[in-house]
Amino acid sequence: MSDRERGAALGQRGSSMLNEFQINKVWENMLNAETRALYFGDLATRYTRRKQWITGLSFFLSSGAAATIIGKSPGAIPVTLSLLVAGLTAYSMALNLDGKIIAMARFHSAWSRIASEYDRLWNHAYDPDAELRFERIIEQEREPSELATTEAPNDQRLLGKWQHRVFDMYHLNAGNG
């Protein structure tokens, strides 16, 4: 007996398997979750790289070697570089780069887990508990979605890049995803 036949038979006994609309929604939500996981992973990487550059540049400019080189230069250069280090440090603190890195990594993890749950559900859409599992996954989306509204940038170009990547992974084009 195929999954569809088994699901139909169970459906006649009051099962809560997914209907065709819900199955299509699982597919769309899975693609969206994978896109968000990749998007937030990319943001975490970008913030980490930015933090590393700021830390490295600040460390170098405040080191003894830099002080020796800068000490032999005209008076405006040491003052300018000191202001640069102070500005970079203030920028890092004002943006809370450490906090953003942690938040983006958490969003990446949450959306990866959600995408995996949708993938499992997609492969078991006719199971008797599929509808309940679908509702649970939708509930899991609520918190990362709400938090991302205030804690994450809304970079539509970057999100579009990852959406195209996901569509390519599944051999889809933008019109039939």
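The second largest pocket has a volume of about 190 Å³, where a pocket, on a 1 Å grid over the protein atoms alone, is an open set of points where a 1.4 Å probe fits, with protein on both sides within 12 Å along at least five of seven lines, and where a volume is the space filled by probe spheres set on the points, which are joined across faces, edges and corners. Rolling a probe the size of a water molecule over the atoms shows where empty space is left. I should say early on that this is a predicted model, in which local features need pLDDT of at least 70 and side-chain atom pairs count only at pLDDT 80 or more, while totals for chains, interfaces and linings use all residues. Residues are numbered from 1 along each chain as its sequence is written, and side-chain values use heavy atoms, with hydrogens and water left out.

Which helix gives the most to the lining of this second largest pocket? It is α5, with 6 residues, and both α5 (97-122) and α6 supply at least two; helices here are DSSP runs of H or I with at least four residues, numbered from the N terminus. Among the lining residues, which have an atom within 4 Å of a point, are Arg106, Phe107, Glu143 and Leu147.

Turning to the largest pocket, its volume is about 300 Å³, and of its 17 lining residues Arg36, Tyr39, Asn154, Gln156 and Leu159 lie nearest its centre. Two or more residues of that lining come from each of α2 (20-61), α6 (130-151) and α7 (156-169), with the largest share, 5 residues, coming from α2.

Now for the largest nonpolar core, a set of buried Ala, Val, Leu, Ile, Met, Phe, Trp, Tyr and Cys residues joined through side-chain atoms within 4.5 Å, buried meaning under 20% relative accessible area with a 1.4 Å probe and protein chains only. This core has 37 residues, and those with the most contacts inside it include Phe107 and Tyr118. Its largest share, 13 residues, comes from α2. Leaving aside neighbours within four places in sequence, Tyr118 is in contact (heavy atoms within 4.5 Å) with residues including Val26, Met30, Phe134 and Ile138.

Finally, a word on confidence: pLDDT, the predictor's confidence in each residue from 0 to 100, averages 86 over the protein, and 84% of the residues score at least 70. Over residues 6-14, however, pLDDT stays under 50.

Definitions and conventions. Buried < 20%, exposed > 50% of the residue type's maximum accessible area, 1.4 Å probe, protein only.
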